[in-house]
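Me: Could you take a close look at one helix in this model for me? I'd like to know what packs against what, and how the pieces are oriented.

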Amino acid sequence: MKSTRINNLFLKYLKKRYGYINVRQYMPSNELNFQYYVGTDVQRGKTVFIKMYGNLPEVARREALLLQLLERRTRSKYFPKLLAYNVKGKYPFVVLEYVQEATSLETCLSERKIQSQHNKRQLLRQMNDILQILHKNKIIHRDIRPANLLVRRGKDGKQMELVLIDFAFSVLKHPSHVQELAFLKSRRDILEALGEKSYKPSAFKWDDAYSFCKIAKEIDSQSQKNFPNEWRQLNSSIGKVVYASKS
Ligand SMILES: Nc1ncnc2c1ncn2[C@@H]1O[C@H](COP(=O)(O)OP(=O)(O)OP(=O)(O)O)[C@@H](O)[C@H]1O
Ligand SMILES: [Mg+2]
């Protein structure tokens, strides 16, 4: 009951303050009580994705900060656009451009939608592009896995374009104050689950290049042989920008 009331107040606030209408739940809240909505931005006539971080404003701040930084420095199509955010009020949230007609890479893989050599190579190349951007900006995403990569079909339906989402738990190697989120210092269980075991070198160490190599193997178990250049580039980046958590 309580959370429904909070949700209704939040939705009213979004409509009044930002003009978002027809806001509805996108998926159930997670264990940290993050809430997910989609709605319509009347002024722009566009669909928006809204993520609300319950009582963890520092997580909202982290997501907004990283997306802003990437937008400012790269203007890349590989990341969702941040349209609005508020991390100071009762409801810490970010509003993102809704990535239209996208499926998660996780779904694409389980439904065996990535068949052509062209698409496989294209995805490996884009993963390399994304990794380069992250490394250049000293960002460690920490949650690179197929569920956090959206695949958008290009205009002709044949192309596949990746969008990397979910910078909520990212860290920046520089400046040093953008490091571990305060609440995670006492939540080793969440840290241990972050990035999923099979996509990281060890329980408390994150290496985005390592994660992308694992994904490249899921796209094509023979990636090394079939796409030697793309594979080499990914593989040689392992160990270059890593983040380890001290206990
Ligand atoms: N900008 C967007 N456009 C379209 N869909 C999105 C967008 N951002 C997120 N989603 C969808 O919402 C889901 C959850 O978003 P996100 O990964 O950022 O949150 P999360 O709290 O990490 O959730 P999870 O624990 O499921 O990964 C994504 O898997 C994706 O399906
Ligand atoms: Mg996610």
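Reply:

**Helix H6 and its partner H8**

Ala209, Phe212, Cys213, Ala216 and Lys217 of H6 touch Trp231, Leu234 and Asn235 of H8. Sorted by type, the residues of that contact come out as six nonpolar, one polar and one charged. Keep in mind that this is a predicted model.

As for orientation, the axes of H6 and H8, the latter being residues 228–235, come within 9 Å and cross at roughly 150°. Angles over 145 degrees count as roughly antiparallel, so that is how H6 and H8 run relative to each other.

Now H6 itself. It covers residues 208–219, and twelve residues at 1.5 Å each should span 16 Å; the end C-alpha atoms are 16 Å apart, so expectation and model agree. At the start of the helix, a side-chain oxygen of Asp207 gets to within 3.1 Å of the backbone nitrogen of Ala209. The buried residues in H6 are Asp208, Ala209, Ser211, Phe212, Cys213, Ile215, Ala216 and Ile219. A handy bit of background: an α-helix has 3.6 residues a turn, so residues three or four places apart point the same way.

On the other side of the contact, Leu234 is worth zooming in on. This residue of H8 has 0% relative accessibility, so it counts as buried. Beyond its neighbours within four places in sequence, Leu234 is in contact with Ala209, Phe212, Cys213 and Ala216, and also with Met127, Asn128 and Leu131. If you want a longer ruler, the C-alpha atoms of Leu234 and Lys77 are separated by 20 Å, with their positions 157 residues apart along the chain.

Definitions and conventions. Residues are numbered from 1 along each chain as its sequence is written. Chains are lettered from A and ligands numbered from 1 in the order in which they are written. This is a predicted model: local features need pLDDT of at least 70, side-chain atom pairs count only at pLDDT 80 or more; totals for chains, interfaces and linings use all residues. Side-chain values use heavy atoms; hydrogens and water are left out. Helices (H or I, at least four residues) and strands (E, at least two) are DSSP runs, numbered from the N terminus. The expected span of a helix is 1.5 Å times one less than its number of residues. Buried means under 20% relative accessible area, exposed over 50%, partly exposed in between (1.4 Å probe, protein chains only). A polar contact is a pair of N or O atoms within 3.5 Å; within protein, one must be able to donate a hydrogen and the other to accept it, and residues adjacent in sequence count only if both atoms are side-chain atoms. Axes are lines fitted to C-alpha atoms, for helices over the stretch in contact, and angles run from 0 to 180 degrees between N-to-C directions. Angles under 35 degrees count as roughly parallel, over 145 as roughly antiparallel, 65 to 115 as roughly perpendicular and the rest as oblique. Contact means heavy atoms within 4.5 Å. Ala, Val, Leu, Ile, Met, Phe, Trp, Tyr, Cys and Pro count as nonpolar, Asp, Glu, Lys and Arg as charged, and the others, Gly among them, as polar.
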